[in-house]
Amino acid sequence: MLCQSCEKRQATTHIKTIVNGELKEYNLCPECATKMGYGSFFGNFGFDLDKLFGSFMESVGTGRNTKRCQCCGSSFEDIAKSGKVGCANCYDVFYEELLPSIQRIHGRTSHTGKLARSAGTKVRIKNELTQCKYELEQAIKAQEFEKAAELRDRIRELEKNINNADINGKE
């Protein structure tokens, strides 16, 4: 199979990327893979954390007044150097610093997967509400106005249910 970039050399590298839920696949020769930034992943099986977590290094501060996680004691500098978050609490403590990297790596910053059976009613309603709002935007863009009207009505119903759950104190 020929490289999809140069269309001259034999493709030896297969790249799969998922950005915002969209899967893209590329077959590249070693030269094109290196040019596109995939070379270091395949050469010595190491990778440059500075490139992968670029925004980490931009915002790392120095000095004695370094903010630290109360649970594990990690500083943002520690996270940037290791590429690993110390504990779950670090996500709250370093939220602003981590957000750009999470967005770049995962394509989004909110979880859109399945919910646990133990998730509360309010959480399930909010999740469905978010999905309906997204579908409404898509229906409007596609000029599917009947579907948009149905979604609008469903959104109103869900918002009413959330308000009722707030009043009744259900979670």
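**Exercise 1: the Asn27 polar contact**

Work out which side chain asparagine 27 joins through a polar contact, and whether asparagine 27 is buried or exposed.

*Solution.* Start with the side chains: in this predicted model, those of asparagine 27 and histidine 14 are joined by a polar contact of 2.7 Å. Next, place the residue: asparagine 27 sits in strand E2, which covers residues 22-28. Now check the accessibility. Asparagine 27 has 16% relative accessibility, and the cut-off for buried is under 20%, so it counts as buried. Finally, look around it, skipping neighbours within four places in sequence: asparagine 27 touches Met1, Leu2, Cys3, Gln4, Ala11, Thr13 and, again, His14.

**Exercise 2: rings that meet**

Find how many aromatic pairs there are, and say whether the rings are stacked, edge-to-face or tilted.

*Solution.* The count is 1 aromatic pair. Its members are phenylalanine 76 and phenylalanine 94, with 5.9 Å from centre to centre and 45° between the planes. Stacked needs planes under 30 degrees apart and edge-to-face needs over 60, so this pair goes down as tilted. Then trace the chain: phenylalanine 76 belongs to helix H5 (residues 76-82), while phenylalanine 94 is in the loop between helix H6 (89-93) and helix H7 (95-106). That puts them 18 residues apart, a link between distant parts of the chain. Both phenylalanine 76 and phenylalanine 94 are buried.

**Exercise 3: two bridges across the chain**

Locate the salt-bridge partners of arginine 9 and of glutamate 97, and say which parts of the chain they link.

*Solution.* Take arginine 9 to begin with: its partner is glutamate 31, and the closest N and O atoms are 3.0 Å apart. Arginine 9 lies in the segment before strand E1 (13-19), glutamate 31 in helix H1 (residues 30-35), and 22 residues separate them. Arginine 9 has 30% relative accessibility, so it's partly exposed; glutamate 31, at 40%, is partly exposed too.

Now glutamate 97. It bridges to lysine 67, with 3.4 Å between the closest N and O atoms. Glutamate 97 is in helix H7 and lysine 67 in the loop between helix H4 (54-58) and H5, so the bridge ties together parts 30 residues apart in sequence. Lysine 67 comes out as partly exposed because its relative accessibility is 41%.

**Exercise 4: the Arg152 bridge and a network**

Count the salt bridges, describe the one made by arginine 152, and pick out the residues in the network.

*Solution.* The total is 8 salt bridges. Arginine 152 pairs with aspartate 153, at 3.1 Å between the closest N and O atoms. Arginine 152 (37%) is partly exposed, as is aspartate 153 (40%). As for the network, Glu128, Arg154 and Glu157 are joined into one by salt bridges that share partners.

How values were computed: Residues numbered from 1 in each chain as written. Predicted model: local features only at pLDDT ≥ 70, side-chain atom pairs only at ≥ 80, totals over all residues. Heavy atoms only, no water. Phe/Tyr/Trp six-rings, centres within 6.5 Å; stacked < 30°, edge-to-face > 60°. Helix = DSSP H or I, 4+ residues; strand = E, 2+ residues; numbered from the N terminus. Buried < 20%, exposed > 50% of the residue type's maximum accessible area, 1.4 Å probe, protein only. Polar contact = N/O pair within 3.5 Å; in protein donor to acceptor, adjacent residues only side chain to side chain. Contact = heavy atoms within 4.5 Å. Salt bridge = Lys/Arg side-chain N within 4 Å of Asp/Glu carboxyl O.
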